[in-house]
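Visitor: I'm new here and I'd like to know what lies behind the words people use. Could you show me the structure?

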Amino acid sequence: MNKVLIDCDPGIDDALALALAAGSPSLDVVGVTTVGGNVDLSLTTANALALREFLDMGDVPVTPGSAGALLGEAVRATRVHGTTGLGGAVLPAPQRGPSDGHAVDFIVDTLRAAPGEITLVAVGPLTNIALAVRREPRVVEWARELVIMGGSFTRGNSNPAAEFNMLADPEAAAIVFGAGWTVRMLGLDVTLSAVVTSDVLDRMRPLGKLAELLVPAAQFYGVVTAEGGPAIHDACAVAYVLDPSLFTCVPAVVNVETAGLYTRGMTVTDFKVSEQDANALVATSLDVKGFWELVLGAYGRLAGRLG
């Protein structure tokens, strides 16, 4: 049983990542924390609460965190995720509210209570993680691993140089990469191959109640064709925890650009380093067929539970 704490900003692909976690019996989700990112914190938290109930995640605590970046103005992605953050999916309003307290305290306290047992999975801006490191540097030792969806060694998506999660809070990302652990970085280089094709969409349609989330979310996210479609980036981070062999990862030193006029948020990646000197394992390729078998299998199990 892999224990995971998921820090997220739902967000369409965050929702699909949470669905993957909910449908995977080998994962124990010990908590969900939220951050402002794809949409404002009030919406990411409301979406996480709605998803907890819709996906039948039980009493998993949902704890809100940072509303904005450490420095600079907020960067949002409503153009991609819609005004609510969940695109075309409409979920019932949650009946239960969030946990008391702040995500940073929840992260620190949860890792302190179970050192070496819990993998941090961060699929939004890294503000909460950076503040947790600053609050208590020993979280670097207490976390079993840190797996992030973010960055790229080849391109950006918010601008030519930077991936969205990095651009949304470059200073936080710089703190996280410099904290002394090995960051498992699943960037655009692999996540852009995890695309919803018409075949994948056809396998989602019969999934009953779950399809009410999966299908409209995927279709809002981009045009789905037989050859390609929208990428469900964040699900890659959960998939890595479930089966790291789906990914080829290479040791590297990753530094985050915080001052560049055209390159702010860029993850500058140097592969010409020894494994001993690396601060990251950077994913360079994905077994796409194996990824979708894993994801759709989990969705199928979850759909059987939800009806």
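**Reading the labels**

Guide: Let's start with Phe-271, which is partly exposed, with a relative accessible area of 29%. This is a predicted model, where local features need pLDDT of at least 70 and side-chain atom pairs count only at pLDDT 80 or more, while totals for chains, interfaces and linings use all residues. Residues are numbered from 1 along each chain as its sequence is written, and side-chain values use heavy atoms, leaving out hydrogens and water.

Visitor: Why is Phe-271 called partly exposed?

Guide: Buried means under 20% relative accessible area and exposed over 50%, with partly exposed in between (1.4 Å probe, protein chains only). Phe-271 has 29%, so it is partly exposed. Phe-153, at 31%, is partly exposed too.

Visitor: How many aromatic pairs does a search of the whole structure find?

Guide: There are 3. Phe-153 and Phe-271 form one that is edge-to-face.

Visitor: What makes Phe-153 and Phe-271 an aromatic pair, and why edge-to-face?

Guide: Rings of Phe, Tyr and Trp (its six-membered ring) pair if their centres lie within 6.5 Å; planes under 30 degrees apart count as stacked, over 60 as edge-to-face and the rest as tilted. Here the centres are 5.1 Å apart and the planes are at 90 degrees, so both names fit. The pair ties together parts that are 118 residues apart in sequence, because Phe-153 lies in the loop between strand 5 and helix 7 and Phe-271 in the loop between strand 8 (267-270) and strand 9. Helices (H or I, at least four residues) and strands (E, at least two) are DSSP runs, numbered from the N terminus.

Visitor: Why is helix 8 called mostly covered?

Guide: In helix 8 (residues 170-177), 7 of its 8 residues are buried, including Ile-175 and Phe-177.
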